[in-house]
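Here are some exercises to work through with the model open beside you. Try each task first, then follow the solution step by step.

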Amino acid sequence: GYRFRQGFYMDKVKLYKTIIPLNVVSDTTLTLCIGEDSYKQYCKKIKVSPREDVDTYNGCFLWFPNSDIKHTVIYLRLKEENRSLLSYKSTLVHEINHAVTHIFNTYDFNCDELRSYLMQDIYFDFIDYIDTLNDKGLL
């Protein structure tokens with residue numbers, strides 16, 4: 001499969017994780033932001049204006065191409081009342097699909113096997129992160 005170079009940021013302020021699919025595209029990052037505060041902090045870090053209505057969704061996919069690095073962001077709402085771990089994970093799968101579709105369309109890729117490996121590896125890296133946050137009581 002395809003492996004990723006990772007940046008892992010987790011404390012009470014930053015709840016986001018960034019991966020770079022180097023074997024697929026080297027000028028695109030994919031970042032999972034959990035919660036509106038971490039999303040706004042990440043936008044500030046990459047110097048883009050955050051979308052203001054992001055917390056009205058359980059999750060969403062955002063694209064910021066205005067730099068040397070194309071920043072792809074998956075956002076998940078944090079601490080939604082009665083939200084289960086399974087709900088976080090299923091929303092993550094939904095948003096990963098949007099992100100991979102966008103990457104494939106942007107770079108004119110058309111290989112089902114590559115798409116499957118990319119989705120699998122992104123899910124593997126991000127689901128481990130969600131499990132870690134859940135174990136620490138942050139979800």
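**Exercise 1. Find which residue in E5 is the bridge partner of Cys-60, and place E5 among its neighbouring strands.**

Step 1. Start at Cys-60: its bridge partner in E5 is Tyr-75. Helices (H or I, at least four residues) and strands (E, at least two) are DSSP runs, numbered from the N terminus. This is a predicted model, in which local features need pLDDT of at least 70 and side-chain atom pairs count only at pLDDT 80 or more, while totals for chains, interfaces and linings use all residues. Residues are numbered from 1 along each chain as its sequence is written, and side-chain values use heavy atoms, with hydrogens and water left out.

Step 2. Look at the pairing of E4 (residues 59–64) with E5: 6 bridges join them, and they run antiparallel. Two strands pair if DSSP finds at least two bridges between them.

Step 3. Now turn to E3, which is joined to E5 by 7 bridges and runs parallel to it. Here Leu-32 stands opposite Ile-74 in E5.

Step 4. Check how covered E5 is: 6 of its 7 residues are buried. Buried means under 20% relative accessible area, exposed over 50%, and partly exposed in between (1.4 Å probe, protein chains only).

**Exercise 2. Which residues have the most contacts inside the largest nonpolar core, and which element gives the most to this core?**

Step 1. Recall what is counted: a nonpolar core is a set of buried Ala, Val, Leu, Ile, Met, Phe, Trp, Tyr and Cys residues joined through side-chain atoms within 4.5 Å.

Step 2. The largest such core has 21 residues, and those with the most contacts inside it are Leu-32, Ile-34, Ile-74 and Leu-92. Two or more residues come from each of E3, E5 (70–76), H2 and H3 (112–135). H3 gives the most, with 9 residues.

Step 3. Do not stop there: a second, separate core of 13 residues includes Tyr-39, Tyr-42, Val-54 and Tyr-75.

Step 4. Take Ile-34 as a case. This residue is in E3 (residues 28–34), and it counts as buried because its relative accessibility is 1%. Its C-alpha atom is separated by 9.0 Å from that of Gly-59, 25 residues apart along the chain.

**Exercise 3. Is Thr-91 buried or exposed, and what does it touch?**

Step 1. Locate Thr-91 in H2 (residues 85–106).

Step 2. Thr-91 has a relative accessible area of 13%, so it is buried.

Step 3. Leaving out residues up to four places away in sequence, Thr-91 touches Asn-58, Gly-59, Leu-76 and Arg-83. Contact means heavy atoms within 4.5 Å.

Step 4. Within the helix, a polar atom of the Thr-91 side chain lies 2.9 Å from the backbone oxygen of Ser-87.

**Exercise 4. How many disulfides are there, and where does Cys-33 stand?**

Step 1. Apply the rule, which takes a disulfide as a pair of cysteine sulfur atoms within 2.5 Å. The count comes to 0.

Step 2. Cys-33 is in no disulfide, and the nearest cysteine sulfur, that of Cys-43, is 6.8 Å away.

Step 3. Compare the exposure of two cysteines: Cys-33 is buried, at 0% relative accessible area, whereas Cys-111 is partly exposed, at 37%.

**Exercise 5. Which loops hold Lys-47 and Asp-108, and what is phi for each?**

Step 1. Lys-47 is in the loop between H1 (36–46) and E4. Its phi is near 65°, a positive value in a residue other than glycine, and the residue is exposed, with a relative accessible area of 73%.

Step 2. Asp-108 is in the loop between H2 and H3. This residue also is not a glycine, yet has a positive phi of about 55°; it is exposed, at 69% relative accessible area.

**Exercise 6. Where in the protein chain is confidence lowest, and where is it highest?**

Step 1. Begin with the whole chain, whose mean pLDDT (the predictor's confidence in each residue, from 0 to 100) is 76, with 77% of residues reaching 70 or more.

Step 2. Confidence is lowest in E1 (residues 5–10), at a mean of 40, and highest in H2, at 88.

Step 3. Over residues 1–13 the pLDDT is below 50, although this stretch has 43 contacts in the model beyond near neighbours in sequence. Where pLDDT is low, the predicted coordinates should not be read in detail.

How values were computed:
A polar contact is a pair of N or O atoms within 3.5 Å; within protein, one must be able to donate a hydrogen and the other to accept it, and residues adjacent in sequence count only if both atoms are side-chain atoms.
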